[in-house]
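Thank you all for coming; I would like to use these few minutes to go through one structure with you, beginning with its open and enclosed spaces and ending with a few details of the backbone.

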Amino acid sequence: MCGIVGYIGYKKATPILINGLLRLEYRGYDSAGIATIENNEIVVIKNKGRVNTLANLDGIDKLEGTVGIAHTRWATHGKPSKENSHPHLDNSKSIAVVHNGIIENYHELKKFLTEKGYKFLSTTDSEVIPNLIHYYFNQDSKNDENRLLRAVKNTCKDLKGSYAIEILSIYNKDKMIVARKDSPLVIGRGLKESYIASDIPAILSYTKDFYLLDDNEIVELSKDKIKFYNNELEEFEKPIKSIEWGAISVEKDGYEDFMLKEINEQPRAIRETVGAKLDNGKIEIEGLEFSKEYLESLNKIYIVACGTAMHAGLVAKSTFEKFCKIPVEVDIASEFRYRDPLIDEKTLCIYISQSGETADTIAALKLAKSKGAKTLAITNVIGSSITREADYSIYTHAGPEIAVASTKAYTSQVVLLIIVGMYFAEKLERIDVSILKNLKSDILKLPSQIEEILKSTNQIQEFARKVYKEKDMFFLGRGTDYAVSLEGSLKLKEISYIHSESYAAGELKHGPIALIENGVTVVATMTNPDLVEKSISNIQEVVTRGAKVFVITSEDIKNDGLSWVIKIPKTNTLISPILSVIPMQLFAYYISKEKGLDVDKPRNLAKSVTVE
Ligand code: M6R
């Protein structure tokens, strides 16, 4: 879960690399480093700390090279330190490598290289890569222009695990080699220059034309040529893709933090997600074509994802079951992939991932495919790894999400899932069309209803100020209010470091109520008119025991006697989490700000979890 950037062209590489790293910091930010070729020598500057620390290190302003690689790290093997930072050099200092991923057999490779006389300076898995390339380079008796390329090919064959690598070498000073397997890597093409990065937003301000690398591809870049090879070094042509996101969408755009910007972008994101899908008589979703016969044959739907994306699945489960009358199981990808789930050709597996690069989700998808199920990916990133594995891929179109804590991706995932559920329902004809019609009109109102919530955030901020010093909090809800409470609790943990638990309100009496004592904070959500009396009883139970309760409820629900109440506009209970999550996101955000924390880059977390 690191970020890598590269540049080869006619401009000074360093400013481009630093700029790219800053945009990739959400992928990791415990150390950073850079390597360029200066007068026939590789110069490496690196240290622990953030990219801004790197930008101020001695000598960095003297780098003039027009070929360079750079890295921002999220430590997996070896603590953050100068030695463990990338780029890593081989023993002869002729080859520099940055790596994102995990080399699972590095112990074995390190032993092999140590026996051959190589020494290691770091405790990382990555340092074996430049040394192994050097080893193969020396073994090769043919001294032609492809010698380094062959050494990289042989090295890649030996590596087990995942990697996106960039290689600089004095053996080929005007070239760069990159390769990938199970870790994302894109190449942006300019005029007589190329940009390389872990993801598109990092280099979107330089170009809109991208090559999206696939697994086991090796690429040799020079100033004006890009050559693509498979892992046998057979050359092939790769199509270029043009991306529409404007560079402005990856800037803070006047907001204090990306998270706040992204919370405020939700009305627009949802408008983009809905697009024209509900405009005609029947729902149409580009990229999705399921026949009535196929849907009728299904006996189970799995929705599989991690973290926030999994929470989006939990909200949508009710819609699928109610409208399609097909049992739905929502599972965590890292559990699903190892528990031998019951899957056959009558199972549909839906995978949700903002980044489309989450290692567990991709592995869970491959598993379902191997068992004969159809797979549908819902992601925000066009061309991401998951879309290349799935039978069908559809997009949330929420625009780039930079803050580690997911906000607009969640709401747009819920919206898209609900629309997919309605699309299935229309085909299956198992529900009254008027119910679908009403829900369609409720979905279309969501963006303006969110705008309304976003206009009055004072009360949320005030409550956050009141409770930001707490150590523990509880979230309660029933039905879809419980599903969204799980997300509210995760947001709070991620960015405020306050411990919190979310419970189905009916479970309170079965244990957790023992933890409620004077002064404890509870966030209770009740938007379902059919369950309101039960929810109020649960709230009374905690109030009686001295809890401070922050209630999120719908404007049509009576809330007599409760002091901290946020009203959200009335909508269908199936989609109310799309509204009720907004106060929860803001609550977590303001607490984090009160505590003076880094909202966008919370400790220990990375945006895209590309390792297991
Ligand atoms: O990119 P993905 O949607 O696959 O990511 C899944 C989770 O890692 C992600 O939602 C994570 O839980 C976020 N930090 C939540 O804010």
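Before I give any composition, let me fix the classes: Ala, Val, Leu, Ile, Met, Phe, Trp, Tyr, Cys and Pro count as nonpolar, Asp, Glu, Lys and Arg count as charged, and the others, with Gly among them, count as polar. Please also keep in mind throughout that what you see is a predicted model.

With those classes in hand, the lining of the largest pocket divides into 11 nonpolar, 10 polar and seven charged residues. That lining is made up of 28 residues, and those that lie nearest the centre of the pocket are Cys-306, Gly-307, Thr-308, Lys-607 and Val-609. The volume of the largest pocket comes to about 610 Å³. If we ask which elements supply at least two residues each to this lining, we find helix H9, strand E18, which spans 347-353, helix H11, which spans 359-370, and helix H16. Among the contributors to the lining, H16 gives the most, with four residues.

Now, what takes up the space of the largest pocket? The ligand does, and I would therefore like to look at its surroundings in some detail, since 14 residues stand around the ligand and, of these, Ser-353, Gln-354, Ser-355, Thr-358 and Glu-494 come nearest. By class, this shell has five nonpolar, seven polar and two charged residues. Helix H9, covering 307-324, and helix H16, covering 480-496, each supply at least two residues of the shell. Whereas H16 gives the most to the lining of the pocket, it is H9 that gives the most to the shell around the ligand, with three residues.

Turning to individual atom pairs, I would point you to contacts made by oxygen atoms of the ligand. A polar side-chain atom of Ser-355 lies 2.6 Å from a ligand oxygen, a polar backbone atom of Ser-406 is 2.8 Å from a ligand oxygen, and a polar backbone atom of Thr-308 is 3.1 Å from a ligand oxygen. As for cover, the ligand taken alone exposes 410 Å², and the protein buries 91% of that area.

Let me move from the open space to the enclosed ones. How many cavities of 30 Å³ or more are there? The count comes to three, and the largest of these cavities has a volume of about 270 Å³. Its lining has 25 residues, of which Asp-199, Ile-200, Pro-201, Ser-355 and Val-381 lie nearest the centre of the cavity. By class, the lining of the largest cavity divides into 12 nonpolar, six polar and seven charged residues. You will have noticed Ser-355 in this list, and it was also named among the residues that come nearest to the ligand.

Finally, some backbone details. The peptide bond that joins His-86 and Pro-87 is cis, with omega about 0 degrees, and Pro-87 is found in the loop between strand E4, at 67-73, and strand E5, at 88-89. Leu-233, although not a glycine, has a positive phi of about 65 degrees, and this residue lies in the loop between strand E13, at 225-229, and strand E14, at 235-236. Asn-604 is not a glycine either, yet has a positive phi of about 65 degrees, and its place is in the segment after helix H18, which spans 577-594.

Terms used: Residues numbered from 1 in each chain as written. Predicted model: local features only at pLDDT ≥ 70, side-chain atom pairs only at ≥ 80, totals over all residues. Heavy atoms only, no water. Near = heavy atom within 4 Å. Polar contact = N/O pair within 3.5 Å; in protein donor to acceptor, adjacent residues only side chain to side chain. Areas by Shrake-Rupley, 256 points an atom, 1.4 Å probe, with all protein chains shown as cover. 1 Å grid on protein atoms, 1.4 Å probe; cavity = no way out; pocket = protein on both sides within 12 Å on 5 of 7 lines; lining within 4 Å. Sits in = over half its atoms within 2 Å of the grid points. Points joined across faces, edges and corners; volume = space filled by probe spheres on them.
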